[in-house]
Amino acid sequence: MDAFNNFLTGTVTLFSDPIGILIFFGGVVGGMLFGAIPGVSMLTLAAILLPFTAHLSPEHGIMLFSVIYCTGVYGGAITAILFNIPGAPENAPTAFDGYPMTQNGEAGKAVGAAVMCSAIGGVASCIVMMAATAAIADWAISAFGPPEIFALVFFGLAVAASVGAKSFWKGWLSIMAGLMIAVVGLDPVGGLERYNFDMPYLAAGIHFIPTILGFFAVSEIFVQAEKKATGSYNAPKLSVDFPTFKELWQHKIAVVRSAIIGFFCGVLPGIGATLAAFMGYNEAVRWSKDREGFGKGKMEGVISSETANNAATGAAMIPLLALGLPGGALTAMMVGVFQMHDMEPGPLVFINSPDLVWVVFAAMFFANLSILLVGFLEAKTIVNLLRIPFQYLAPLILLLATVGAYAVRGLTIDVVVMFVAGVAGFFLRRSGYSVAGIVLGLILGKIGEQTFAQAMQMLHFEFSGFLGRPIALGLLIAGFITILASIYGAFFKKVPASSSAG
Amino acid sequence: MGKLTKGQIVEGAFWLILAAFFFAYSFEFNNNIEIYKYGATLWPRVILLLIALAAIGQLLDQRKNGDAASTSKIAAIHEDSAQDSQHNSLGWYINTFILLCLPFAYMIVPDIIIEKTGTPEEGTAKINIICGAVLFLAYIAISWRNHVGAILTLPLFFAAMMQDMGFYALAPVFIIGVMILMGERRPTRMAMVMLLIYGILIAFFVSLLYVGLPTGYISPFYDFGTWMVNTFQ
Amino acid sequence: MTVKKYLLNASVALAMSAIAGHAAAECATDSLPASMEGPDGYPERALTMIVPYGPAGGSGQVAQAMAEAVTGLTDVSINRDHKPGGSGTVGMTAYMAAPADGYTVLEHIDDAASAHALDSTKPNPADDLIPLVTSQITFSQIYIRTEEDRFTDWNSFVEWVKAQDGKATIANVSKEGSMERVTMKFITDATGMQIQQISFDKGAPRYGALAGGQVDALFEQPGDVRSFLDAGKFKPILTILKEAPDAFADVPDLVDAGLDFEPLLRFRGFYVNAGAPEDRVEWLKWAFQKAYCQEDYQAYNESKFMTLIDSYRDTDGSKELITETVAQYRAVYKTMGLEVK
C-alpha cells in the first residue's frame, strides 16, 4: 500500500498549495482549449510555454506539462470529431468515425464518448503507472532495443495500411508516400542531405505538425470551400445529445482492449500514443461483427481510438520519469522542463525528489478525472463553433494553423509545407487515399529507418540476427501475417459487391 | 478487360514517374558512409521500388476488375469531396496547375533576377516587391474563371511571401482574400471580421504568449512587423 | 576505481571550484566596466537570438541562461527564436538572411566550424560572423555501465573489444565528419581496435541504449550524462584530453592511455553578423562577455560540468579557437578522403 500512501501525500501536496491548484486548472483548461481549437494543438501550447517554466518551481513546471499532456490528447479528439481535424496524430483514427458521426448529426454522442473514454483510459493507465513505473521501465529498455522497435514499427505500418484507404493498393501507396516524405532531410546515419534540392531549409526535414495540419485542417477547408463554390455545402448539424450510460456500457470490451493496447504502446520509447490509437482502432474493426459499419459513423471507432491514446499518456511517463527517455514530442519537452531546473529525469528523480514524482502522478490522475467534468462543459461550448458561418471560420482556422505550423520550429518553410500538404491532401482524398496513412508513414518512417540502421549495425548486417531476438522476431511475423491476411481479404475472399463502390 | 479509365491511367503514371524521378535523384547523395554499408540510399530506394510495384499492381487490378477492385472491407472514409464534372476536366487541371506554380515562382524568380543583374543589397527589396506584385496580378487574371483553383493557390501565396514580408503585414490581406473567395461581399462585415480575427490572434499569441511570428526581412514590411511586435509584446 | 571514490572526487573538485569562484571572485571579465551606454539609444527594442537547435537541448539551455544573464545585466530583453534542423545549418541560413542591424544575434556550436571546414561556401563563424563570446568549452569521454563485468577500465575494454573481432558496439552521433565521429576515428586508428559505431541522432535514445545494455559503450560529453554519472549508472573510462581535469583525475587521459592525437573540443558561443554597425557590435561584445560572469550564468555552467576546463574565450580568443578548429578538421577530412569544397 506504499503507492497508495504516496498517492495520498501527493494529492494533499497538490491541493494544499493555491499556486499549484491554479497551475493545475490552468493546465487542464489550456490543454483542452489548445487541443480543441482547430489549427493549434497541445504541442503549440507546450512549445510556447516551455521558456516560461523556468520561472515556476520544478514541481509546478512538470505538473503543468503532464496535465497539458493528458487533457491535450483528449482535446484533440474534439476537433477530429467536429471538423475532421485531429489535434494531434494520435487523434487521427478518432476522425475516421467521429467526423461521419458529426455529419450524421451525432456530434454530441461522439464527443460524449470521447470524453468518457479518454477519462477511463487515462485513469486506468495512471493507476498502472503509479503501481509499477520502475519495474516496467527497466524491462522496457533492456527488452526493447533498436531491432525490437524496428519490428514494432513494421507491425504498426502493416496494421495501418489496412485502415482508412479505399483499397489494398491505395492503403499501401498512402503509407509508402508517408515513408518517402520522411526521407527528406538528413539521413539518420551519416547526416547526408537527401531530396532537399539544394534548399537549406528543406535540410531540416519535413515536420509532422505542419504536415498533419495541411493534410487534415487545410485540405478539409479546401473540400468544404469547393462544396461552397459548387453549391453543395451543407452546414454540419449541431447536436449536444450526449450518449447514455447504457450506450457506453455496451462497449465495455472495446474499452478494456484499447486500454491494454494503449498502455503497451505508450511504454515503448518513440512509438507512443499514435500507434496506440491506430492499433486500438484496427483491433476494434477486427473483432467486430459489423466491419462494414466502421468509417461511417460507428461510436465504437471513437471509443477504441480515444481510450487507447489516453491510456498511452500515463504509460509514456514511465520511460520518461524512470529512465529519462522521452517517447514523443511532448515528453521530450518535459525533459527540457526538468533540465531548466538543473534536474534530469531518470532514476535519480525517484530518489532525490519523490515528492515531485507523486505530485505529478496525482496531478495526472486528477487531470484525467477532470476531463469528465470540465470536458463535458467545454464540449458543450466548443460544439457551438459549428455555428460560425464558414466564410468567417475558414480564415480563422487557416491563420491558426499558420501560427501552429510556424511556432513549432520558427521556419516559414513549415507554413509552405503545410499548404502544399493541404493541396496534396485535397487531391489525394478525392482519389480514395488515406491521409492518416500518409501521416503515420511520415511519423513512423523516421523511427523505422533509424532503428533499422541501428539494428543492422548491431546485428552486423545479417538479417539472421533477428532470429536470436524473440520479441523482434515475433513482431516481424505478426506483421507478415497481418499483410497476408489483408491480401487474402482483398483478393481471395470476395464479398458480394460492397455498397460503396466508386 | 480494358476497364481502365483515363483518371486511373493518370494516377498510375503519376506514381511511376514520381518513383522514377526520385530514384534517379538518389544518385545525388549516393555517398559511402563509413559505419553503415547500406548508405543513405538503400531505404528510400526500397520504398520507391515498393511504390512502383504497388502502382503497377493497382493498374493491373483495375484493368481486370474495374474500380470495384480489391476494395477494402473498411470502407473509404474520405469520399466527401464534391466530384463535380466542372472540376474534373483536363482544362481545369492545367489551369489549376499553372496557378499553383505561381507562388513557387515567387520563391525562385527574384533570386535569379538579383543574381543575373548583380543588383546591390539595397535594390533587392524592390525586385522582390515588383515580382510579387506581377505574379499576384497574374494569379488574379488566371484564376478569374477558376474559383477552386483560386482557393487552393491563395494560401500558398501567403506562405511563400511570408519569409520576406512577414506575418503581420500579410495576414489582414489574407483574411479578406479568403472571405472574398468564400463568397462574402459585404465590405463592413469583412472589415469587422478581419479586425476581430487579427485582433484575437495578436492579443492571444503576441501579447499574451509572446510568440515570435515572422516579421519579414524586407522594408517596409520588416519595419511594420517589428513595430507591431514592440507595440503589442 | 570505485564509484564512491569518483563521486567524492567530483564533488570535492566542484566544491573547490565553487569556493574559488566566490572567494577570489576572479572571473574572466571582471575587468570590464559594470555598465556601458549603447550608441544613439541602441538598443531601443528587444534583441532576437536565433538558436539553431531546440529549446530543450544543450544549446537551447545555454541560450536561455545567457539571454537571461544579459537581460539581468542590461534590462534589454532577448527573444529566443529556435530554428532546429539540418545539424545547425537551418538556423545559420535563417540568421544570414535576417537584416544585419545588430538586433539579431546567433547561438552556435563547433558544428558551424566543421561545416565550414567541409564546405567553404558555408559561413565561416570567425569571418562572416563576429564571435561575441564563447561561453562553454568541454571535452568528450567514453562511458561504460558501472555494473559492467566484461571489462572495467580502458585497458581491459580495449582488450575485450579486440577479442570481439569487430562485433563490439559503441553508441555515437549520426553525422559524418562531426567532432564525435572524427574523434572515434582517431581512437580506433591509435589503438588499432575495430568497433562498430551505432548511430543515434538524439541524446536520450543514445543514453538509453547504454543503460539498457543494447550497446557496450557510449561516446559523450560529461555535462550531458551528468545525471547518469551522479546516479552511479555510467562511469567514464577515458577522458579525451591531454591532461585530465581534477574532477576526473582517476580516469585515464590520452597521455595515460598512450593515444597520440590532438583532442577536438565541443564549444558553444554567441555571434553577430559581421555586417552589423561597429559601435553596436562593441556594445554587444561588452554585454555578452560581462554576462558570462553573472552569478546565475556561472552557476548554470557549473551545473553542466562546464567549469572543469577554461570555458571562456573573448572575441579574439574565439576567432583563434575557430580558425584552429577549422584547420584541424580540414586536415582530418583530407586524410579521411572526404570531399572538401
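How many residues does the contact take from chain A and from chain C? In this predicted model, the count is 42 residues from chain A and 40 residues from chain C. On the chain A side, the elements that put in two or more residues are helix H6 (107-143), helix H14 (329-340), helix H15 (347-352) and H19 of chain A. H14(A) takes the largest share of that side, with six residues. As for chemistry, the side of chain A that touches chain C splits into 25 nonpolar, 14 polar and three charged residues.

Chain A also meets chain B. Here, 78 residues of chain A are in contact with 67 residues of chain B. Quite a list of chain A elements gives two or more residues to this side: helix H8 (168-183), strand E2 (193-194), helix H9 (208-230), helix H17 (390-409), helix H18 (412-430), helix H19 (435-458) and helix H20 (470-492). H17(A) gives the most, with 11 residues. Sorted by type, the side of chain A that touches chain B holds 46 nonpolar, 19 polar and 13 charged residues. Helix H19 of chain A turns up on the list for chain B and again on the list for chain C.

Next comes the packing inside. The largest nonpolar core counts 351 residues, and the members that touch the most others are A:Ala46, A:Ile81, A:Ala363, A:Val439 and C:Met66. H6(A) supplies the largest share of this core, 17 residues; H6 of chain A is also among the elements on the side that touches chain C. In soluble globular proteins, nonpolar side chains tend to be buried together. To take one of those well-connected members, A:Ala46 touches A:Phe65, A:Ile68, A:Leu330 and A:Met333, leaving aside residues up to four places away in sequence. Two of these partners, A:Leu330 and A:Met333, fall in the stretch 329-340 that makes up helix H14 of chain A.

That leaves chain C itself, which is divided into domain 1 (32-138 + 265-336) and domain 2 (141-257). Domain 1 is thus written as two stretches of chain C, 32-138 and 265-336. The C-alpha centres of the two domains lie 29 Å apart. Where they meet, 16 residues of domain 1 are in contact with 13 residues of domain 2. On the domain 1 side, helix H4 (111-118) and helix H12 (315-336) of chain C are the elements that give two or more residues. The residues of that side come out as eight nonpolar, four polar and four charged. C:Met66, from the list of best-connected core members, has a number that falls within the 32-138 stretch of domain 1.

Key: Residues are numbered from 1 along each chain as its sequence is written. Chains are lettered from A and ligands numbered from 1 in the order in which they are written. This is a predicted model: local features need pLDDT of at least 70, side-chain atom pairs count only at pLDDT 80 or more; totals for chains, interfaces and linings use all residues. Domain bounds come from an automatic or database domain assignment. Two residues are in contact if their C-beta atoms, placed from the backbone, lie within 7 Å. Helices (H or I, at least four residues) and strands (E, at least two) are DSSP runs, numbered from the N terminus. Ala, Val, Leu, Ile, Met, Phe, Trp, Tyr, Cys and Pro count as nonpolar, Asp, Glu, Lys and Arg as charged, and the others, Gly among them, as polar. A nonpolar core is a set of buried Ala, Val, Leu, Ile, Met, Phe, Trp, Tyr and Cys residues joined through C-beta atoms within 7 Å. A residue is buried if 20 or more other C-beta atoms lie within 10 Å of its own, exposed if 12 or fewer, and partly exposed in between; C-beta atoms are placed from the backbone.
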